[in-house]
Amino acid sequence: MNIAVYPGSFDPITNGHLDIIRRASRLYDKVVVGVLTNTSKRPMFEKSQRVDFIKRSTADLGNVEVAFFEGLLVDFLRKENAKVIIKGLRATSDFEYEFQMALVNKQLCPEVETVFLSSSEKFTYLSSSVVREIGRLGGDVSMFVPSEILGDVNRAMHGE
Ligand code: PNS
């Protein structure tokens with residue numbers, strides 16, 4: 001079975017993430033969305049809530065699983081029996097950092113490949129931090145996050 005891991009903070013999941021998950025789910029037998037708390041960022045949403053948001057947004061995709069992980073990404077891949085890391089690239093500005101991570105992960109675990117999917121044109125501007133900023137300032141995030149979680153995101157961000 002060809003298993004891929006799509007890692008990230010997903011704080012919260014955006015329509016851009018969902019697009020990458022959907023497309024990866026057509027390329028691999030199974031996609032495991034690996035959710036972690038980035039040690040350099042303080043999350044807006046609890047890890048259990050971030051996992052729940054992704055599960056609800058991907059409920060129609062039979063070969064997608066969601067799990068929380070800590071520690072090295074390559075160790076999580078070993079645990080999940082996966083050989084592929086999926087990353088979405090929005091613009092060339094993402095490339096340098098992602099390329100470095102791909103090389104580090106290759107050093108740590110040579111049998112792992114990082115596969116980059118280019119983000120769909122309509123999502124190139126989108127990131128979780130943009131969603132958090134708009135939400136914090138009282139803006140409408142309905143076109144940026146999956147409809148399944150919009151109510152909860154709005155409630156968490158401005159008590160609606
Ligand atoms: O959504 P994010 O916060 O940009 O995702 C970053 C992520 C999860 C891909 C990255 O922080 C990661 O892989 N962390 C796991 C720790 C690790 O394996 N580090 C060594 C590789 S550089």
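Buried means under 20% relative accessible area, exposed over 50%, and partly exposed in between. The exercises below apply this and related criteria to a predicted model.

**Exercise 1. The setting of Lys-30**

Determine whether Lys-30 is buried or exposed, and identify its surroundings.

Solution. Begin with the secondary structure: Lys-30 lies in strand E2, which spans residues 30-35. The relative accessibility of Lys-30 is 16%, so the residue counts as buried. Next, consider the partners of Lys-30 beyond four places in sequence: these are Met-1, Asn-2, Ile-3, Ala-4, Asn-63 and Glu-65. With one of these residues, Glu-65, the side chain of Lys-30 makes a polar contact of 3.5 Å.

**Exercise 2. A salt bridge between a loop and a helix**

State which elements are tied together by the salt bridge of Asp-60 and Arg-22, and classify the accessibility of both residues.

Solution. The whole structure contains 12 salt bridges. In one of them, the side chains of Asp-60 and Arg-22 meet with an N to O distance of 3.1 Å. Asp-60 belongs to the loop between helix H2 (47-57) and strand E3 (64-68), while Arg-22 belongs to helix H1 (residues 15-27); the pair therefore ties together parts that are 38 residues apart in sequence. For the accessibility, Asp-60 has a value of 53% and counts as exposed. Arg-22, at 27%, counts as partly exposed.

**Exercise 3. A salt bridge between a helix and a strand**

Locate Glu-98 and Lys-87, and decide whether each is buried or exposed.

Solution. Glu-98 and Lys-87 form a salt bridge in which the closest N and O atoms are 2.7 Å apart. The pair links distant parts of the chain, with Glu-98 in helix H4 (residues 92-108) and Lys-87 in strand E4 (residues 84-89), 11 residues apart. The relative accessible area of Glu-98 is 12%, so Glu-98 is buried. Lys-87 has a relative accessibility of 10% and likewise counts as buried.

**Exercise 4. A salt bridge within one helix, and its network**

Establish where Asp-152 and Arg-155 lie, and which residues are linked with them in a network of salt bridges.

Solution. The closest N and O atoms of the salt bridge between Asp-152 and Arg-155 are 2.8 Å apart. Both residues lie in helix H6 (residues 147-158), with a separation of 3 residues, about one turn of the helix. Asp-152 has a relative accessible area of 23% and is partly exposed. Arg-155 also counts as partly exposed, at 46% relative accessibility. Finally, a network of salt bridges links Asp-152 and Arg-155 with Asp-52 and Arg-56.

**Exercise 5. Geometry of two aromatic pairs**

Classify the pair of Phe-45 and Phe-53 and the pair of Phe-69 and Phe-76 by geometry, and describe the accessibility of the four residues.

Solution. A pair of aromatic rings is described by the distance of the centres and the angle of the planes. The structure holds 5 aromatic pairs. For Phe-45 and Phe-53, the centres are 5.4 Å apart and the planes form an angle of 65°. An angle over 60 degrees counts as edge-to-face, and this pair is accordingly edge-to-face. Phe-45 is buried at 2% relative accessible area, and Phe-53 counts as buried at 1%.

For Phe-69 and Phe-76, the distance is 4.6 Å centre to centre, with 15° between the planes. Planes under 30 degrees apart count as stacked, and this pair is stacked. Phe-69 counts as buried at 5% relative accessibility, and Phe-76 is buried with a relative accessible area of 5%.

Methods
Residues are numbered from 1 along each chain as its sequence is written. This is a predicted model: local features need pLDDT of at least 70, side-chain atom pairs count only at pLDDT 80 or more; totals for chains, interfaces and linings use all residues. Side-chain values use heavy atoms; hydrogens and water are left out. A salt bridge is a side-chain nitrogen of Lys or Arg within 4 Å of a carboxyl oxygen of Asp or Glu. Helices (H or I, at least four residues) and strands (E, at least two) are DSSP runs, numbered from the N terminus. Buried means under 20% relative accessible area, exposed over 50%, partly exposed in between (1.4 Å probe, protein chains only). A polar contact is a pair of N or O atoms within 3.5 Å; within protein, one must be able to donate a hydrogen and the other to accept it, and residues adjacent in sequence count only if both atoms are side-chain atoms. Contact means heavy atoms within 4.5 Å. Rings of Phe, Tyr and Trp (its six-membered ring) pair if their centres lie within 6.5 Å; planes under 30 degrees apart count as stacked, over 60 as edge-to-face and the rest as tilted.
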